[in-house]
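Work through the exercises below with the sequence and the model at hand. Each task is followed by a solution in steps.

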Amino acid sequence: MSNCLVAQSGGPTAVINDTLAGVIRANQLNPLYDKVYGGLHGIEGTLAGKLYDLTSLPYWELQLLRQSPSSALGTCRYKMKRGDDADYHRLIDVMDAHDIDTMFYIGGNDSMDTVDALSSWAAENAPGKRFIGIPKTVDNDLMLVDHCPGFPSAAKLANQITHATRLDYDAYTRPEVFVLETMGRDAGWLAASCCLTGDVDLLVLPETVFDKDKFLAEVQKKMDETGACYIVVSEGIRDAEGNYVSAGAASHDGFSHAVLGGAAMAVKTLIVESGIVPRGVVQDLSRAARSSNFAQSLVDCTEAYELGLSAHMHSADPNFNGMVVGVKRAPNAEYDKYDAVYFTVPAKDLANYVRTFPQEWILPDYQGITEEAKDYFRPLVQGEPLLSYDKNGVPETIRPFNLR
């Protein structure tokens with residue numbers, strides 16, 4: 001038998017290590033590979049030959065791995081460019097040096113593009129090398145899947161923070177607005193999910209144009225009617241010209257995406273400067289939503305783990321290459337009868353496409369989302385995994401492999 005490699009890329013999630021644990025545990029139960037190597041810091045570290053042997057990770061450590069946030073292997077935002085063969089040859093050299101024929105890549109949109117690029121290149125240049133994608137993203141913006149691992153837990157945390165901060169906000173009589181910002185560069189799934197609580201007065205998504213005058217009129221209306229206005233915005237909201245409202249959109253990450261952050265502050269400043277209220281409060285969920293292992297969704301943990309198992313199982317077929325395993329909602333599934341179905345799809349059908357929040361689920365004038373949208377979200381945030389805690393009352397975690 002040969003060996004396999006698994007790596008993580010892009011922004012971490014609260015359950016990305018569940019998927020890693022699924023791949024490791026699947027091979028312990030059904031050893032398709034002699035060894036399971038972990039690529040440290042995604043493709044970037046793997047190209048440098050930085051691997052960690054995960055094959056015989058004890059069961060107790062696998063359990064701690066499953067409840068550990070962030071990427072236990074380390075992550076990266078390194079783009080393997082099509083047409084630049086140097087990185088491709090280097091990766092194959094590393095795989096050959098460790099007798100690896102299959103690589104599992106856990107990541108988001110750009111990572112699925114990497115899976116497609118690698119499998120296409122290998123078909124002509126390195127026959128026998130296989131690349132399999134396992135999705136994750138708190139943005140929930142991959143095509144064809146019902147939802148992405150990591151999103152349900154981020155939505156659960158976002159809802160808990162929304163409700164708690166709304167109660168805090170309502171404790172005061174002074175005139176002010178509250179603006180909560182979530183992740184979501186091109187799609188407003190996470191921001192929209194906050195409406196499950198019933199606490200959101202106005203919602204601004206990347207899918208709708210941010211019209212300053214129209215928005216301010218709605219803020220004024222809420223303040224006049226109730227003396228309060230709780231607002232949720234996605235980091236990627238844009239004006240009519242397509243410019244990010246975020247104050248921090250000047251720099252770019254390793255995938256040539258604008259580095260966002262500051263949309264809530266920009267919105268709060270706009271409201272205060274308009275004279276509607278003298279002050280405002282800003283809450284930025286940012287990395288808290290993707291790393292809060294204490295607020296995981298049990299549905300999310302279970303599905304992320306089972307996707308790792310599924311990817312490993314499918315890899316038993318030597319022709320399974322350039323594919324992604326994903327989650328779909330079982331036909332006719334309802335809130336109290338939710339069930340997941342795992343399926344496979346070519347990576348090329350997911351890569352470089354963005355699934356935006358459906359326009360038909362968005363209420364006009366920034367008023368929130370429809371009941372159909374809430375029915376979509378509800379089953380995903382259900383349940384909590386049983387966590388083990390250390391003597392300080394903090395959930396136990398493993399020491400990340402990239403720090404060992």
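**Exercise 1. Decide whether aspartate 139 is buried or exposed, then describe its surroundings.**

Step 1. The relative accessible area of aspartate 139 is 15%. Buried means under 20% relative accessible area, exposed over 50%, and partly exposed in between, with a 1.4 Å probe and protein chains only. Aspartate 139 is therefore buried.

Step 2. This is a predicted model: local features need pLDDT of at least 70, side-chain atom pairs count only at pLDDT 80 or more, and totals for chains, interfaces and linings use all residues. Residues are numbered from 1 along each chain as its sequence is written, and side-chain values use heavy atoms, with hydrogens and water left out.

Step 3. Aspartate 139 sits in the loop between strand 5 and helix 6 (151–170). Helices (H or I, at least four residues) and strands (E, at least two) are DSSP runs, numbered from the N terminus.

Step 4. Contact means heavy atoms within 4.5 Å. Aside from neighbours within four places in sequence, the contacts of aspartate 139 are Met183, Gly184, Arg185, Ala187 and Trp189.

Step 5. The unreviewed UniProt entry annotates Asp139 as "active site". UniProt positions are given in the numbering used here, feature names are shortened, and annotations may be inferred rather than shown by experiment.

**Exercise 2. Describe asparagine 140 in the loop between strand 5 and helix 6.**

Step 1. Asparagine 140 has 0% relative accessibility, so the residue counts as buried.

Step 2. Neighbours within four places left aside, asparagine 140 is in contact with His147, Cys148, Phe151, Trp189, Arg355 and Tyr376.

**Exercise 3. Place glycine 11 and find what it touches.**

Step 1. Glycine 11 belongs to the loop between strand 1 and helix 1. With a relative accessibility of 13%, glycine 11 counts as buried.

Step 2. Beyond residues up to four places away in sequence, glycine 11 touches Arg77, Lys136 and Arg290.

Step 3. From glycine 11 to leucine 62 there are 51 residues in sequence and 21 Å in space, C-alpha to C-alpha.

**Exercise 4. Check the span of helix 1 (residues 16–29) and say how many of its residues are buried.**

Step 1. The expected span of a helix is 1.5 Å times one less than its number of residues. For the 14 residues of helix 1 this should be 20 Å, and the end C-alpha atoms are 20 Å apart, which agrees.

Step 2. Of the 14 residues, 11 are buried, among them Ile16, Leu20, Val23 and Ile24.

Step 3. The buried residues of helix 1 pack against several elements, including strand 1 (3–8), strand 4 (100–107) and helix 11 (298–314).

**Exercise 5. Lay out the open sheet of 4 strands and the helices on it.**

Step 1. The strand order is 7-8-6-9, with parallel pairing. Strand 7 (202–204) and strand 9 (279–284) each have a single partner strand, so one side of each has no neighbour in the sheet. From one strand to the next, the twist averages 20 degrees.

Step 2. Two strands pair if DSSP finds at least two bridges between them. Strand 7 and strand 8 (residues 230–234) are joined by 3 bridges, and valine 204 stands opposite valine 233 in strand 8.

Step 3. Helix 8 (residues 212–226) lies across strand 6 (176–182), strand 7 and strand 8, at about 160 degrees to strand 7. Axes are lines fitted to C-alpha atoms, for helices over the stretch in contact, and angles run from 0 to 180 degrees between N-to-C directions.
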